[in-house]
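User: Please take a close look at one part of this protein, the place where two of its helices pack against each other, and describe how that part fits into the rest of the fold. A connected account would suit me better than a list.

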Amino acid sequence: MTSRGPARPNGQPQASKICQFKLVLLGESAVGKSSVVLRFVKGQFHEYQESTIGAAFLTQSVCLDDTTVKFEIWDTAGQERYHSLAPMYYRGAQAAIVVYDITNQEAQAYADDNSLLFMETSAKTAMNINDLFLAIAKKLPKSEPPALGAGPGRSRGVDLHEQPQQSKSQCCSN
């Protein structure tokens, strides 16, 4: 029996490469941005989530084959009074999740017209939450050298027009 590297607590081999990406959540106030992040990062849902002031910062990782993708997640406030701060939070982000009220189905048409990744999720039931972040992780570049002065994994933005490669295995269950 051969080993591909040190075992992780869940019994899976440890990833050999780590990529870090800035991801922002955008959307109007009270559409569920914080609920999506809280469900992904902590596996929790609060029926009455407090409004975010400015922005909140969290981290969480997903594993793809031999690569760990670490997300630096910026949950931005949706209230009108914070709109002027939004560019400061999403500057340099490699990916963005636009969260909206499901009763507005114009988003599906917009995503289709622009070849964007589209996925309906529910923070309340956890439907597609992990799948969403995994799909984003698959689309992010993991092999290009970083640009001068940029940190690891910060060489370019994400190309949402490419089809994701199918992962043979996942090393993380969270």
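Analyst: In this predicted model, the axes of helix α1, residues 33–42, and helix α4, residues 129–139, come within 9 Å and cross at roughly 85°. Because crossing angles of 65 to 115 degrees count as roughly perpendicular, α1 is described as roughly perpendicular to α4. At this crossing, Val36, Arg39 and Phe40 are the residues of α1 that meet α4, where their counterparts are Ile129, Asn130 and Phe133. Sorted by class, the contact of α1 with α4 is made up of four nonpolar residues, one polar residue and one charged residue.

Helix α1 itself is mostly covered, with nine of its ten residues buried. The buried residues of α1 include Val36, Arg39 and Phe40, which also take part in the contact with α4, and among the others are Lys33, Ser34 and Ser35. Just after the end of α1, Gly43 adopts a positive phi of about 70°.

From the helix pair, the description can be carried over to the core. The largest nonpolar core of the protein has 25 residues, and Phe133 is listed with Leu23, Phe71 and Ile73 as having the most contacts inside it. Both helices of the pair take part, since α1 and α4 are among the elements that each supply at least two residues of this core, together with the strands β1 (17–26), β2 (55–64), β3 (67–76) and β4 (95–98). Helix α4 gives the most to this core, with six residues.

Phe133 of α4, which belongs to the contact with α1, is also one of the residues in contact with Leu23 once the neighbours of Leu23 within four places in sequence are left aside. On the same terms, Leu23 is in contact with Phe71, Glu72, Ile73 and Trp74, with Ala95 and Ile97, and with Ile136.

Seen against the whole protein, the pair belongs to a fold of four helices and four strands, which follow one another along the sequence in the pattern β-α-β-β-α-β-α-α. Of the contacts in the protein with a separation of 6 or more, 65% are accounted for by residues 24 or more positions apart. Over the 174 residues of the protein, 32% count as buried, while the protein exposes about 10,700 Å², of which carbon and sulfur atoms supply 50%.

Technical notes. Residues numbered from 1 in each chain as written. Predicted model: local features only at pLDDT ≥ 70, side-chain atom pairs only at ≥ 80, totals over all residues. Heavy atoms only, no water. Axes fitted to C-alpha atoms, helices over the stretch in contact; angles between N-to-C directions. Parallel < 35°, antiparallel > 145°, perpendicular 65-115°, else oblique. Contact = heavy atoms within 4.5 Å. Nonpolar A, V, L, I, M, F, W, Y, C, P; charged D, E, K, R; others polar. Core = buried A, V, L, I, M, F, W, Y, C linked by side-chain atoms within 4.5 Å. Buried < 20%, exposed > 50% of the residue type's maximum accessible area, 1.4 Å probe, protein only. Areas by Shrake-Rupley, 256 points an atom, 1.4 Å probe, with all protein chains shown as cover.
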